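Visitor: I should like a close look at a single part of this entry. Please begin with one residue and work outward from there.

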Protein chains: 2
Amino acid sequence: MLSPKIVKHLNQLQYKKYRREYSEFVIEGIKGVAEAFASKSDVLLLIVEGSQREEKEIIDLIVQAESRSIPVEFCGRKDIGNIKTTDTFPGVMAVVEYTDNTIDDITAGHVVCLHDIKDPGNLGTIIRTADWFGISTVLLSENSVDVYNPKVVRSTMGSIFHVQVIRSHSIFTDLSRLRDDRAYQLVALDIAGTSLPTSFSASASTVFVFGSESHGLPRDLDSLIHTRYTIPGKGQAESLNVAISAGILMSRLS
Amino acid sequence: MLSPKIVKHLNQLQYKKYRREYSEFVIEGIKGVAEAFASKSDVLLLIVEGSQREEKEIIDLIVQAESRSIPVEFCGRKDIGNIKTTDTFPGVMAVVEYTDNTIDDITAGHVVCLHDIKDPGNLGTIIRTADWFGISTVLLSENSVDVYNPKVVRSTMGSIFHVQVIRSHSIFTDLSRLRDDRAYQLVALDIAGTSLPTSFSASASTVFVFGSESHGLPRDLDSLIHTRYTIPGKGQAESLNVAISAGILMSRLS
């Protein structure tokens, strides 16, 4: 049985307000929790479904937690109804502390910048795809969905621990500084650009900027862009999904 | 006010069982409904939120419905709570009839085949992406999510009316027939394949086969494949999301 205090805390972490207040988020599932342990993040609490405590992979996680003096709590069926963030509880979850980074923490490598991305699945998928292609940083505008939203965390499939995600307080200021103070090239996908090459190289100091699902890039950001590409289509669809566009671009970077 | 009979029917169409029984599905939003009118599908009923009946785009839809003798129903705030499939009702929805196609209806062009795809957003996004790249047919295995599920329909962004989607009763039989009777080439994305070329051409008679999000391709289908490609990565992610893989492959077809 979990204490009412822990149940309340886990419920609070489903809301952005409390995640910000505590600088904590929840990760679910064996793979996600294992990635948390393997990362530089601080794991604060491990929660295991009592009936699964004899599973080999779960035992491994418990042993890891104990070796680092991380508290382990066991929960019963009744608790699960109160703490789960999905229809099915995957047997294990952890509370993880996060630290906020700024653009000053970008030391090297390409940056994928998302302006006002709203769909949690799209954001999670883009972080996972960035990880696949070895892109180290994702920069989010101030009105994007929270990266520690449980749906985002889940759809990153653990990649949230491999990619540095920066939540900007002013994306215009941050992109301007990267461009003017640090000589970054700003490349955008846009319907008015030239055809995206099937394979292309870009300086390590490049930000790839993607507009929102519904509104594209606002004019103030548009004025900062050096190069525009488009992904040519030949069907009747009006546009590509932003995660698909980002995936195609990342896959062509050589 | 909608009649209880219509409210009941709209609610039934949220379930696959009834969609199959009636061969009908629901499409929401101005763009989706306009695409339905522009398509060869039969629109059976138009439902408009009463407070929006003076909006120009809504009036256009009403005029189109009336010119084709399609019944138009107006609904109030109270109805919306009973019929909406999302948090926000987009002001307009339509009931559309669908016809079931089989592989005998494939006349030309590339086919994207999805084995046991479960995530509605992934399926909708793949249909939208296929439309963008001019791929005419998507073939679904028998245990895939229903293409007329409201979440799938929504995430196609209208492309459900531009791409022929075939729901197979036996994907093994259908792929075998395409391969052996119609000389189709079967190409799969797979972790064991050769590196996907940055640009490649494929005969019009090609099926691109994608495994499920969690299980890849089953062995029986695996034995039918002629060519295997892989999308090389260099980060720590275990895999790419299936919609991203499909999008990257489609974008490289020249």
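Guide: Asp116(B) sits in the loop that joins strand S5 (111-114) to helix H6 (120-132) of chain B; helices (H or I, at least four residues) and strands (E, at least two) are DSSP runs numbered from the N terminus. The model is a predicted one, in which local features need pLDDT of at least 70 and side-chain atom pairs count only at pLDDT 80 or more, whereas totals for chains, interfaces and linings use all residues. Residues are numbered from 1 along each chain as its sequence is written, chains are lettered from A and ligands numbered from 1 in the order in which they are written, and side-chain values use heavy atoms, with hydrogens and water left out.

Asp116(B) is not a glycine, yet its phi is positive, at about 50°. Most residues other than glycine have a negative phi. With a relative accessible area of 17%, Asp116(B) is buried (buried means under 20% relative accessible area, exposed over 50%, partly exposed in between, with a 1.4 Å probe and protein chains only). In chain A, Met157(A) likewise has a positive phi, near 55°, without being glycine. Met157(A) belongs to the loop between helix H7 (150-155) and strand S7 (164-167) of chain A, and its relative accessible area of 43% makes it partly exposed.

Chain B also contains an open four-stranded sheet in the order S1-S4-S2-S3, with mixed pairing; two strands pair if DSSP finds at least two bridges between them. Strand S1 (24-28) and strand S3 (72-75) of chain B form its edges, each pairing on one side only. Ignoring direction, neighbouring strands of this sheet are turned by 20° against each other on average (axes are lines fitted to C-alpha atoms, for helices over the stretch in contact, and angles run from 0 to 180 degrees between N-to-C directions). Strands S2 (residues 43-49) and S4 (residues 92-97) of chain B are antiparallel and share five bridges; one of the residues concerned, Val48(B), has Val92(B) in S4(B) as its bridge partner.

Two helices of chain B lie across strands of this sheet. Helix H1 (residues 4-12) crosses S1, S2, S3 and S4 at about 110° to S2(B), while helix H4 (residues 56-67) crosses S2, S3 and S4 at about 150° to S2(B).

Leu46(B), together with Ile27(A), Leu46(A) and Ile27(B), touches the most other members of the largest nonpolar core, which has 113 residues. Such a core is a set of buried Ala, Val, Leu, Ile, Met, Phe, Trp, Tyr and Cys residues joined through side-chain atoms within 4.5 Å. Residues up to four places away in sequence aside, the contacts (heavy atoms within 4.5 Å) of Leu46(B) include Val33(B), Phe37(B), Leu61(B), Ile62(B), Val92(B) and Met93(B).

In chain A, Glu28(A) lies in strand S1 (residues 24-28) and is buried, its relative accessible area being 17%. With the same sequence exclusion, Glu28(A) touches residues including Lys84(A), Phe89(A), Met93(A) and Arg154(A).

Finally, the two chains may be compared. A turn of 180° with a shift of 0.0 Å along the axis lays chain A on chain B with an RMSD of 0.0 Å, the copies being superposed by least squares on the C-alpha atoms of residues with pLDDT of at least 70 in both. This is the relation of a two-fold axis. The same surface serves both copies, as 100% of the contact residues of chain A recur in chain B.
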